[in-house]
Amino acid sequence: MSVIVEITIPAEAFELGRILRVEGPTQISLETMVPLGGKPTPFVRIRNDERDLFERSVRDHSAVTEIKLVSTEEDETLYALDWEPSDASLLRRILDLDAVLLDATGTADTWGLELRFPTHEALSAFQDFYVEENIQVTIERIYNPTKADAGPWYGLTPPQRETLATAVEAGYYSLPRQISTQELADMFDISDQAVTERLRRGISTLVRSTLLVDETDD
């Protein structure tokens, strides 16, 4: 049975953390990682207030071939990164163990990763690796994916349920979009970034609980 682990690591210990450097309170999110041409291609999102500095920093890194602007919406920018991951990196070990990177969010100092390992043995092998390499990893949570029939809310927290339901009802996912994240944030009296994080994590939880559950599980 697969197992999901949430960890926190220093930015310097994570190869993408060293490449995708940001300053101050700026947050960067890994939207997805698609295998293109035999290597993982990250799609990353940052807020525009650090866009110029971020682009220069990434282009100057020796592992980066190209950084491509994909889209800009409101105050956020999405990029695709063409790079060469190191053979001895933490990320390479994750990929070699057939783990899936479900979520990754970073700041100037730390990154939070959510990883799905195919077995508990694979997770143990990953733990052996970072202990042997003396990489400071903090385990936040370990759990098995929730089956779709395990409960009515599919692992969503009450704030995530309420925010997702409101976003759908208010037309946030309609084309054209009928409400902005700032307007949703005002409804819940939280920040624009906080409501975006609720939506992103809520959708990630729904996908894990309904689409990524092992078909062979009893």
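Before I start: a residue goes down as buried when its relative accessible area is under 20%. Also for the record, this is a predicted model.

**Entry: Glu197**

I looked up Glu197 with that cut-off in hand. Its relative accessibility is 18%, so I log Glu197 as buried. I find Glu197 in helix 7, the run from 192 to 210. Then I asked which residues Glu197 touches once those up to four places away in sequence are set aside. I get Gln27 and Thr105.

**Entry: Thr105**

Thr105 came up there, so I went to it next. I place Thr105 in strand 6, residues 100–106. Buried or exposed, I wondered about Thr105? Thr105 has a relative accessible area of 10%, so it is buried. I then listed its contacts, ignoring neighbours within four places in sequence. On my list are Gln27, Ile28 and Ser29, then Thr110, Trp111 and Gly112, and finally Glu197 and Arg200. With Arg200 I also note a polar contact between the two side chains, at 3.0 Å.

**Entry: cavities**

I checked the whole structure for cavities of 30 Å³ or more, and the search gives one. For the largest cavity I write down about 40 Å³ of space. Which residues line the largest cavity? I read off Ala11, Gly17, Leu20, Arg21 and Val22, plus Thr107, Ala108 and Trp111. Trp111, part of that lining, is also on my contact list for Thr105. Sorting the lining by class, I have five nonpolar residues, two polar ones and one charged one.

**Entry: helix 2**

I turned to helix 2, residues 51–59, and asked which of its residues are buried. My notes say Phe54, Glu55 and Val58. Why do I put them on the same side of helix 2? Because they cover an arc of only 95° around the axis. On the other side of helix 2 I find Asp52 and Arg56, both exposed.

**Entry: whole chain**

Last, I took the overall view. I count seven helices and eight strands in the protein chain. The chain has 218 residues, and 44% of them count as buried. I also looked at contacts between residues at least 6 apart in sequence, and 65% of these join residues at least 24 apart. One contact I logged earlier pairs Thr105 with Gln27, and another pairs Glu197 with Gln27.

Notes: Residues numbered from 1 in each chain as written. Predicted model: local features only at pLDDT ≥ 70, side-chain atom pairs only at ≥ 80, totals over all residues. Heavy atoms only, no water. 1 Å grid on protein atoms, 1.4 Å probe; cavity = no way out; pocket = protein on both sides within 12 Å on 5 of 7 lines; lining within 4 Å. Points joined across faces, edges and corners; volume = space filled by probe spheres on them. Nonpolar A, V, L, I, M, F, W, Y, C, P; charged D, E, K, R; others polar. Buried < 20%, exposed > 50% of the residue type's maximum accessible area, 1.4 Å probe, protein only. Helix = DSSP H or I, 4+ residues; strand = E, 2+ residues; numbered from the N terminus. Arc of directions from axis to C-beta. Polar contact = N/O pair within 3.5 Å; in protein donor to acceptor, adjacent residues only side chain to side chain. Contact = heavy atoms within 4.5 Å.
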